[in-house]
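Welcome! Here is a short guided tour for anyone meeting this structure for the first time. Have the 3D view ready and follow along.

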Amino acid sequence: MTLSFRHFLLALAVVAIWGSNFVVIRWGLNAFPPLLFAALRFTLATVPAIFFLPRPKVSLYNLAAYGALVGVAQFSLLYLAMGSQISPGLASLVIQTQVFFTLFLAMHTSGERVQPFQWLALVLAAGGIGIIASHTDGTTTVLGLAMVLLAALSWASGNVIGKKAVGVNMLAYVVWSSAFAAPALFALSFLIEGPQRMSSALSHASYGAWGAVVWQAGANTLFGYGAWSWLLSRHPAATVVPMALLVPIFGMSCSALLLGEGLPLWKLTAAALVMSGLAINLLWPRVRQAWRLRSA
């Protein structure tokens, strides 16, 4: 089953927003300290949407756990890393390793074995990460790379929690879990960044900075997750999910065009390895099934 042209354009719009959003994050971090920026994002993702979307039929523990892992852990680590430790283009690429973390966490809980094609995918992606680690410079550090990898692990852990929320409106799920993330992020910002820095950032933020917050919450979270969930409800996951492979492409290209991030050969090679690993992991089961049906 393939996407209709209109649904393909919708999916393309979502991944373009998700990819280019790393540039928007970089712009927002020029005005707001990382933890405050994350807190503002999840506040706006909660209010006013929470008043129009009924609470998903899952436990408060499930919502809180998802909010803590995806909202607090993932985005605090990602924003802190992007503040000064990793370039937006590389961040958009490295964060996609959540696919492999999700795979291994799911297999750990189910007891399944890693298949040979999955090992190949992991080796390719690990090779790409290794190239990035060996080329750290003023824009990307080993610490930044480690923080984004930990952010990816937090995202993957949240995915495992989210899978237990069967049959719920995922947009409502994201909105309600954001209600748990925002207060925790404000508390962390108060303790780590301090009330004076918070107050100064809020009082001096430009319209463009607030626009970055609105984009994070409205376009990236509400529209992105809402449209993606809508597509998944109408098409098999195997048809929709591979579109996410375009996120790092948009992320790296937008960072190069809008922020002047360089794309030397080593960075393109690393991207090719990571993307190849992601593609094999996502697409090989579908290719193998099609081959078997053709041979039968």
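The report below goes through the helix packing, the nonpolar cores, a salt bridge and a few single residues.

Please keep in mind that this is a predicted model.

**Helix 2 and its neighbours**

A good place to begin is helix 2, which covers residues 34-46. The table lists three helices that pack with it.

| Pair | Axis distance | Angle | Handedness of crossing |
|---|---|---|---|
| Helix 1 (residues 5-29) and helix 2 | 10 Å | about 120 degrees | right-handed |
| Helix 2 and helix 8 (residues 170-193) | within 8 Å | roughly 155 degrees | left-handed |
| Helix 2 and helix 10 (residues 207-234) | within 9 Å | roughly 50 degrees | right-handed |

Let us take these pairs one at a time. Helix 1 and helix 2 pack at an angle of about 120 degrees, and that makes helix 1 oblique to helix 2. On the helix 1 side, N21, V24, I25, G28 and L29 take part, and they meet P34, F37 and R41 of helix 2.

How do helix 2 and helix 8 run relative to each other, roughly parallel or roughly antiparallel? Their axes cross at roughly 155 degrees. Angles over 145 degrees count as roughly antiparallel, so helix 2 is roughly antiparallel to helix 8. Many residues build this contact: helix 2 brings P34, L35, L36, A38, A39, L40, F42, T43, A45 and T46, while helix 8 brings V175, S178, A179, A181, A182, L185, F186, L188, S189, I192 and E193.

With helix 10, the axis of helix 2 makes an angle of roughly 50 degrees, so helix 2 is oblique to helix 10. Here F37, L40, R41, L44 and A45 of helix 2 touch W210, A212, V213, V214, Q216, A217, N220, T221 and L222 of helix 10. You may recognise F37 and R41, which also meet helix 1.

Now look at the loop between helix 2 and helix 3, where P48 is placed. The peptide bond joining V47 and P48 is cis, with omega at about 10 degrees.

**The nonpolar cores**

In soluble globular proteins, nonpolar side chains tend to be buried together. In this model, the largest nonpolar core has 62 residues. Which of its members touch the most others? They are F32, F37, L78, Y79, M82, I132 and Y173. Helix 3, spanning residues 60-84, gives the most to this core, with 10 residues. Another core lies apart from it and has 13 residues, including I17, A219, W228 and V240.

Y79 deserves a closer look. Beyond its neighbours within four places in sequence, Y79 is in contact with I25, L29, P34, F37, A38, R41 and Q216. Several of these names have come up already: I25 and L29 are in helix 1, and P34, F37 and R41 are in helix 2. Q216 belongs to helix 10.

Helix 3 also holds A73. In sequence, A73 and S154 are 81 residues apart, but their C-alpha atoms are 6.1 Å apart in space. A73 is in contact with S154 and with A68, leaving aside its neighbours within four places in sequence.

**A salt bridge between buried residues**

How many salt bridges does the structure hold? There is 1. It links K267 with E261, and the closest N and O atoms are 3.0 Å apart. Are the two partners buried or exposed? K267 has a relative accessible area of 6%, and E261 has a relative accessibility of 11%. Buried means under 20%, so K267 is buried and E261 is too.

**Two leucines to compare**

To finish, visit L257 and L282. L257 is placed in helix 12, residues 247-259. With a relative accessible area of 72%, L257 is exposed, because the cut-off for exposed is over 50%. L257 and L36 are 221 residues apart in sequence, and their C-alpha atoms are 27 Å apart in space.

L282 sits in helix 13, which runs over residues 265-295. Its relative accessible area is 26%, so L282 is partly exposed. The C-alpha atoms of L282 and V241 are 7.9 Å apart in space, while 41 residues separate the two in sequence. Setting aside its neighbours within four places in sequence, L282 is in contact with V241, P242 and L245.

Definitions and conventions:
Residues are numbered from 1 along each chain as its sequence is written. This is a predicted model: local features need pLDDT of at least 70, side-chain atom pairs count only at pLDDT 80 or more; totals for chains, interfaces and linings use all residues. Side-chain values use heavy atoms; hydrogens and water are left out. A salt bridge is a side-chain nitrogen of Lys or Arg within 4 Å of a carboxyl oxygen of Asp or Glu. Buried means under 20% relative accessible area, exposed over 50%, partly exposed in between (1.4 Å probe, protein chains only). A nonpolar core is a set of buried Ala, Val, Leu, Ile, Met, Phe, Trp, Tyr and Cys residues joined through side-chain atoms within 4.5 Å. Helices (H or I, at least four residues) and strands (E, at least two) are DSSP runs, numbered from the N terminus. Contact means heavy atoms within 4.5 Å. Axes are lines fitted to C-alpha atoms, for helices over the stretch in contact, and angles run from 0 to 180 degrees between N-to-C directions. Angles under 35 degrees count as roughly parallel, over 145 as roughly antiparallel, 65 to 115 as roughly perpendicular and the rest as oblique. A crossing is left-handed if the near helix is turned anticlockwise from the far one by less than a right angle, and right-handed if clockwise.
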